[in-house]
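Trainee: I've got a structure open on my screen and I don't really know where to begin. Could we go through it together?

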2 protein chains.
Amino acid sequence: MFDSIYQDDTIAAIATPFGSGAINVIRVSGKEAFEIVARLFSPKLDFAEIKSHTIHYGKISDENGKVIDDVLISVFKNPRSYTGEDSVEISSHGSPFIAQKIAAALTAGGCRLAEPGEFTKRAFMNGKMDLAQAEAVADLINSRAEASLRGARNQLDGILSAKINDLRKMLIDVSSLVELELDFAEEDIEFLSLKEVDEKIDAVISEIDLLLKSYSFGKVMRDGVNVAIVGEPNVGKSSLLNYLLKESRAIVSDIPGTTRDVIIEEVSIDGILFKLFDTAGLRSAKNEIEREGVFRSKETVKTADMILFMTDASEPFPEKLFKTVAELINKKNIIKVFNKADLIDEPDILRGGVLISAKFGDGIDELFRRMKEKATSAGTYSEKSAVVSNVRHFDALKKSKDFLLKAKETIANNFTGEFIAADMRNAESALGEIIGKVTADDILNNIFENFCIGK
Amino acid sequence: MFDSIYQDDTIAAIATPFGSGAINVIRVSGKEAFEIVARLFSPKLDFAEIKSHTIHYGKISDENGKVIDDVLISVFKNPRSYTGEDSVEISSHGSPFIAQKIAAALTAGGCRLAEPGEFTKRAFMNGKMDLAQAEAVADLINSRAEASLRGARNQLDGILSAKINDLRKMLIDVSSLVELELDFAEEDIEFLSLKEVDEKIDAVISEIDLLLKSYSFGKVMRDGVNVAIVGEPNVGKSSLLNYLLKESRAIVSDIPGTTRDVIIEEVSIDGILFKLFDTAGLRSAKNEIEREGVFRSKETVKTADMILFMTDASEPFPEKLFKTVAELINKKNIIKVFNKADLIDEPDILRGGVLISAKFGDGIDELFRRMKEKATSAGTYSEKSAVVSNVRHFDALKKSKDFLLKAKETIANNFTGEFIAADMRNAESALGEIIGKVTADDILNNIFENFCIGK
């Protein structure tokens, strides 16, 4: 089915992060992997004799026979490799220059440099994993907090895939019976009453609804929570930030692709990633440049999952700023944070907010609890529950549900089984897209192109 | 000898460069490596049964049994490992978060996080390589151009070490005979005439001189050539730079530790790394801030190995600026570059410089040739020659030579063989420092501390 995009040539790529380190790994996969590596490696290896999953020490040379480095090569024989093809991993000294030279020698020797995600795409093509699992590989690599790791693991372990396959099987079983009915229509044998079909469809719909509902939690798990911090100048935003960073055992790593000038920090609270966004520009603009800042801050607030609306507890509540924010986002996503608790002695002004002292740390635990509570307000899921965290899966589930609703309508309108079966088959296909049973080439390409090179 | 700094506990470290990629590798080495990994890994592995150099697929969990990731573990049994100890390399999905979690699980399980260079230090301690070879490992990782790679490979292959050992052997042989002479002094048996001893010492000195002489080339190989580009504003420095970058098939990578605001670019010409430094501040200062710039630019010129003095061929030669530069550095290290060759028709103004057009690319090849010629004016060496590229080795060779000169003086002054032998032993010890036969703990620590973590 995927002939159009499956290529069986031999690919190579540097698989470790770019930079200097102790080790770099260069991956090779494809039907000529052994042949190409053998030509560059000494001592001479007889790959036919070598066992899979063994490691060999030697020197790798460029196409002119000039030694590049001492390396270890790990040999994986098809189908017992990540891609399912013959594969070699070359472990070299960790200079990017050396890694590039080895990659260049491999391409000179007959490899093609791999596209992003091409190793995983091959694993998918060769049935080593389904599409949802392949996507989980990318999520795993991007995971930066406990929850995103758990979510990706859950999906890689096939928990979502198993659930999707259960639902597909239910639909196939029922639609087969409906189709059988068609064949025997003239003989008046009824395998299944329309009422039963309708009930089976309802059962699938309610399972799909559960999955759809899990998405808001899954999204939090996978992508974290976007938190905009709003407040007048000097209410203590940076003190709060320092406290958050210290108390949250922050996982702070380089994040390619995020707009560094807007994200202030990422913190992990009980394993959930909170991305803190600055909205310093959110006040009345005095000039053109400030207006630009206001505009950007408004966008930040609009797209945030949560607002920390921070005020100075010893000052009057900034009603006007609050009104501006409340117009941009659902009020229930706002947490009012009253800072400088140490300066006041009437905590009854709280009005549903959290009283903290960013200076002394009072109330921070309560703030964490509230942030986590809001982040997981859609419910939590056990590690063994199927959870949807990917918008592509969410859309496919919705599409499947729509076909099932149409099937119910078809039943209600007393159309023939032919139409009912067609709707159910479409619903099943929509589910199949999630695990890659039926997925257009461009969707596949789109998925894998967002992987890093070498995976 | 090294008991004081050799620790036989089990160490672990992330060995791949920091960041996101397809794969990260976490290294474990030490006598409990198998035991600790076995406790975190499933399926259960019986390391006693497993062969060295084999790879095993499974899941690695944290100390609470929570799965962190699917991994491949590579098993190396002592002494057949990099360190010479039992070792495991854990290859995980390339998220830094996952790598950190695995490292944390290993430390919770009984490993200690490795110091920088500690794996290589253990390799040295266990006799897997000598000290010069260990240093070559760091050079190899830092290599960013063909010449530095060649130099490090040469040293890792033990070519310098073999030469040093030859010289040590010569000294030991002679001094043994001199010492033997002492024992038999009363019996009047002469094993070796003083003249012969003197000649042998001369032979060693001349070999040392060759090695000392190779240092200026070795340094170029290892560290590259610092080139300061000097010129009045608007003489075409940035056009030249663009051309250099395009024509040199530049290897440009992130270089930790360099002062990014001063280095403009690195280019590799015929495998030699040229680091181009800006000296924009080098003109008469109008104010305090400019004076600071002038000062810094003067320092850049002083410490440069080579100056590209760039002028506009269609303008009068900037005698004053040239004089300033010529006072700071040996004139023979200056290459005059006359730009805008396309604007003049009298190339006889060259005065030993190179006429180029940075705009059209004329003369760039000649400039490259001149730069390379100057860089290798100390001579070139074949790939199999012993070359000194490390200042520590250079200093040890000088020290050794000083002891040998002292020995010759001792001979000339007709001192007894006892003194001669002592000088020769000291000379031999100085050579031994290079390969780590006799090296103080603090020197060793200093060497390995400059490695990256995980190596």
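**One helix, two chains, some salt bridges**

Mentor: Sure, just keep in mind that this is a predicted model. Let's begin with helix H10 of chain B, residues 319–328, where B:Leu321, B:Phe322, B:Val325 and B:Leu328 are buried.

Trainee: Within what arc do the buried residues of H10(B) fall, seen down its axis?

Mentor: Take the buried set, B:Leu321, B:Phe322, B:Val325 and B:Leu328. They line one face of the helix, because, looking down the axis of H10(B), they fall within an arc of 120°.

Trainee: And which exposed residues sit on the face of H10(B) turned away from the buried side?

Mentor: Flip to the other side of that helix. The face turned away from the buried side of H10(B) carries the exposed residues B:Lys320, B:Lys323 and B:Glu327.

Trainee: Over in chain A, is A:Ser175 buried or exposed?

Mentor: First find A:Ser175 in helix H6 of chain A, residues 159–183. Leaving out residues up to four places away in sequence, A:Ser175 touches A:Ala421, A:Met424 and A:Arg425. Its relative accessibility is 1%, and the cut-off for this class is under 20%, so A:Ser175 counts as buried.

Trainee: How much area is buried between chain A and chain B?

Mentor: Interface size is often given as the accessible area lost when the parts come together. Here the contact takes 52 residues from chain A and 52 residues from chain B. Carbon and sulfur atoms give 62% of the buried area, and the total is about 4,200 Å².

Trainee: Which three residues supply 16% of the area that chain A buries against chain B?

Mentor: Look on the chain A side of the contact. No other three residues supply more of the area chain A buries against chain B than A:Pro17, A:Ile55 and A:Phe97.

Trainee: How many salt bridges are there between chain A and chain B?

Mentor: One that you can look up joins the side chains of B:Asp70 and A:Arg153, at 3.2 Å from N to O. Between chain A and chain B, the count of salt bridges is eight.

Trainee: Which element gives the largest share of the side of chain A that touches chain B?

Mentor: Several elements give two or more residues to that side, including strand S4 (54–61), strand S5 (67–76) and helix H2 (96–108) of chain A. The largest share is eight residues, and it comes from S5(A).

Trainee: About how many helical turns separate A:Arg39 and A:Glu35?

Mentor: Their side chains meet in a salt bridge at 3.7 Å, N to O. A:Arg39 counts as exposed at 52% relative accessibility, while A:Glu35 is partly exposed at 45%. Both belong to helix H1 of chain A, residues 33–40, and because they are four residues apart, the separation is about one helical turn.

Trainee: What is the relative accessible area of B:Arg122?

Mentor: B:Arg122 and B:Glu118 lie four residues apart in helix H3 of chain B, residues 118–125, and their side chains form a salt bridge at 3.8 Å, N to O. B:Glu118 also meets B:Arg112 in a salt bridge, at 2.7 Å; B:Glu118 is buried at 7%, and B:Arg112 is partly exposed at 22%. B:Arg122 counts as buried, and its relative accessible area is 2%.

Key: Residues numbered from 1 in each chain as written. Chains lettered and ligands numbered in written order. Predicted model: local features only at pLDDT ≥ 70, side-chain atom pairs only at ≥ 80, totals over all residues. Heavy atoms only, no water. Buried < 20%, exposed > 50% of the residue type's maximum accessible area, 1.4 Å probe, protein only. Arc of directions from axis to C-beta. Contact = heavy atoms within 4.5 Å. Buried area = accessible area lost by both parts, 1.4 Å probe. Salt bridge = Lys/Arg side-chain N within 4 Å of Asp/Glu carboxyl O.
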